[in-house]
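Me: I am new to this structure and would like to know how its labels are justified. Please take them one at a time.

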Protein chains: 2
Amino acid sequence: MQLTTTYPDRNYPIVIAPHALDQLDDYIKDYKTKFLFVDNNIYRLWSERIQSIADQWNIKVYPLPAGEEMKTLEHYSQVIESLLAHQITRNTCILAMGGGATGDFSGFVASTLLRGVDYIQIPTTLLAHDSSIGGKVAINSSHGKNLIGAFYRPSAVLYDLDFLQTLPYSEILSGYAEVYKHALLDSARAVQDVENAYPNQQALAEMNDIETYLYRGVETKLQFVIADERESGVRQYLNLGHTFGHAVEYRYHLPHGHAIAIGLLYQFIMSNLIYGTAFDITHYVRYFQQIAYPLQRIKDFEFEPLYQLMLVDKKNNDQGVQMVLLKDIGQPTTHHVTKAELEQAFAELQKVIKE
Amino acid sequence: MQLTTTYPDRNYPIVIAPHALDQLDDYIKDYKTKFLFVDNNIYRLWSERIQSIADQWNIKVYPLPAGEEMKTLEHYSQVIESLLAHQITRNTCILAMGGGATGDFSGFVASTLLRGVDYIQIPTTLLAHDSSIGGKVAINSSHGKNLIGAFYRPSAVLYDLDFLQTLPYSEILSGYAEVYKHALLDSARAVQDVENAYPNQQALAEMNDIETYLYRGVETKLQFVIADERESGVRQYLNLGHTFGHAVEYRYHLPHGHAIAIGLLYQFIMSNLIYGTAFDITHYVRYFQQIAYPLQRIKDFEFEPLYQLMLVDKKNNDQGVQMVLLKDIGQPTTHHVTKAELEQAFAELQKVIKE
């Protein structure tokens, strides 16, 4: 499956397919210099294939440490100086092979190298189907995650489904939260489709036909991203579930998507509270339990530290905590919520889980 | 005088006027957080006015060391972390007050802070009328100047001519090379006008009506920049005089514009050589001597080290050194030149000066 973005200019193709990497040549043949930034874990798991690709197309391989911890200013400085030692021109392409952290870091390097060179996202996790689209690139500051970065579009996204074979279930679950979120932003039909396709842990672990749902998720995401690249308006809707989710992720060190799933539940409760919607909370809890999100963790959550974290969310302005809520499935909106409302929704979330 | 860029979107105003800073309020009143990055020398010379502006509009002042030496990755890391300590939102504006280095550095910080916040260029030198326009921002790598950066448009350029009062003549001369270059890229009439306005050192030192010629230069520059923001085509023409000029600047530590004036002479000689144009070299030498460019330095230049520096110029590709040449005034083009041609033009340049 393949689609192309629909910006006014500088569009890029997104390929979602088994063996997508076989098409790499089409995208890199015109560059004089090619660097491959690859997550160390992926490099170990796929070393033979990667080395063969690198040899075939004369690509310099830079294995990167896995995870967020490598997205520092020090590491950035070290890597960009090391690339510049090769006396490169702008006719250079960086390939970013790995999860979200690899894509964020590599994309930021590309966005600032010689005032910007091309880069190709090669996501290897289910979660990175989300982060690899839309051109958000960043490294971390000592004051917070992704605070130093750019909006900088890749020149292609090659999502090779072969990589998903080696994903542990916990990683699948983490990525699935964004697939599910995109369905919620799209339509009741889209939500029904993913729930039918993956009714329980076993079905989700098999990921049958995942291509279709990734494709749909990407289509949904692109609608928001293309309408509002720099996130001053509708792109914020992609943060559905993230105000509470991010707080949970930081405070309790849950994998990103596990925390976002909990944030989606919290958001349903808040929507019912604020808008009088009638989202069936029991249904969502039951579904998330069937596919094994760690909802039991919610019992031990404390409100106050999560509230403090929600206060520093980037969507806030002078009026306090701003959340993305659903007036209905497929109808996101933003709303300023008070501490009292946040606390009430929190109490209801815990109550639902404890029942 | 005021003009506005004509990009398809995200245009910005350019104000060139005495007391332009008095209009600052119009441009910053909507920002929650405002930082002023100011060149230390300017801060000392104008401390009272700057402090009064800062107090009036609640601007945090960051004095920066003057010159290229501060455009390091270390300094960038330190400054951006220090801004992020203020828990800022994207509703932040950075004001860059100083010469080209201040603008380059501040603009790069702005381009990467929270994935990009607004910045306003407040150039204080004649030379910075050029660098403050067009959105090229950068810091230096240990491997070369401006190798880490972005194309990132300011949200306004406020060129307050009051600052020019304190400029030493050497600085005026440095900035004037870009004014003259823009005239060469425009038309014979434009060249005639600036030569008539500033026929000798005394006239140039007085800078009567400089506003008019800065405005025209900016108009000319914008034509190239807007047609080709990322410098893959016609924007390269703005490098007229820079292939040889940059080499001279680095090798012999001449002020930027002094080196560019020499590069412009060299380019006329090369154009005559390659295209058989009939540029009157004696005229340009005489004019540049009348306004006191240090052409005598040319006598001591050596070809080989300059050639090595021209080889690493960013405009080059696999076919060797690429120069911008004039087929006529107002008709720039690019041309690959051989080492033999470079050496021949060099010999003629030295001969003309020694006569």
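Reply: A salt bridge is a side-chain nitrogen of Lys or Arg within 4 Å of a carboxyl oxygen of Asp or Glu. The model is a predicted one. In chain A, salt bridges link A:Asp22, A:Arg49, A:Asp160 and A:Asp162 in a network.

Me: How many salt bridges are there over all chains?
Reply: By this rule the count is 32 salt bridges over all chains.

Me: What makes A:Asp130 and A:Lys221 a salt bridge?
Reply: The cut-off is 4 Å between nitrogen and carboxyl oxygen. The side chains of A:Asp130 and A:Lys221 meet at 3.1 Å, N to O, so the pair qualifies. This pair links distant parts of the chain, 91 residues apart: A:Asp130 is in helix 6 (residues 128-131) of chain A and A:Lys221 in helix 10 of chain A.

Me: Why is A:Lys221 called buried?
Reply: Buried means under 20% relative accessible area. A:Lys221 has 8% relative accessibility, so it counts as buried. Its partner A:Asp130 has a relative accessible area of 10% and is buried.

Me: How do you know that B:Asp22 forms a salt bridge with B:Arg49?
Reply: The closest N and O atoms of B:Asp22 and B:Arg49 are 3.0 Å apart, and the limit is 4 Å. B:Asp22 lies in the loop between strand 2 (13-17) and helix 1 (24-28) of chain B, and B:Arg49 in helix 3 (residues 47-57) of chain B, so the pair ties together parts 27 residues apart in sequence.

Me: Are B:Asp22 and B:Arg49 buried, partly exposed or exposed, and why?
Reply: Exposed means over 50%. At 54% relative accessibility, B:Asp22 counts as exposed. B:Arg49, at 24% relative accessibility, falls between the cut-offs of 20% and 50%, so it counts as partly exposed.

Me: What makes B:Arg49 and B:Asp160 a salt bridge?
Reply: Their side chains meet at 3.4 Å, N to O, within the 4 Å limit. The pair links distant parts of the chain: B:Arg49 in helix 3 of chain B and B:Asp160 in strand 9 (residues 156-160) of chain B, 111 residues apart. B:Asp160 has a relative accessible area of 0% and is therefore buried.

Me: Why does A:Arg230 count as partly exposed?
Reply: A:Arg230 has 31% relative accessibility, and partly exposed covers values between 20% and 50%. A:Arg230 is found in the loop between helix 10 (210-227) and helix 11 (242-252) of chain A.

Me: Which residues gather in a patch of positive charge on the surface?
Reply: They are A:Arg10, A:Arg230, B:Arg10 and B:Arg230. Arg counts as positive.

How values were computed. Residues numbered from 1 in each chain as written. Chains lettered and ligands numbered in written order. Predicted model: local features only at pLDDT ≥ 70, side-chain atom pairs only at ≥ 80, totals over all residues. Heavy atoms only, no water. Patch = residues over 30% accessible without salt bridge, like charges linked within 9 Å, V, L, I, M, F, W, Y side chains within 5 Å. Areas by Shrake-Rupley, 256 points an atom, 1.4 Å probe, with all protein chains shown as cover. Charge placed at Lys NZ, Arg CZ, Asp CG, Glu CD. Helix = DSSP H or I, 4+ residues; strand = E, 2+ residues; numbered from the N terminus. Buried < 20%, exposed > 50% of the residue type's maximum accessible area, 1.4 Å probe, protein only.
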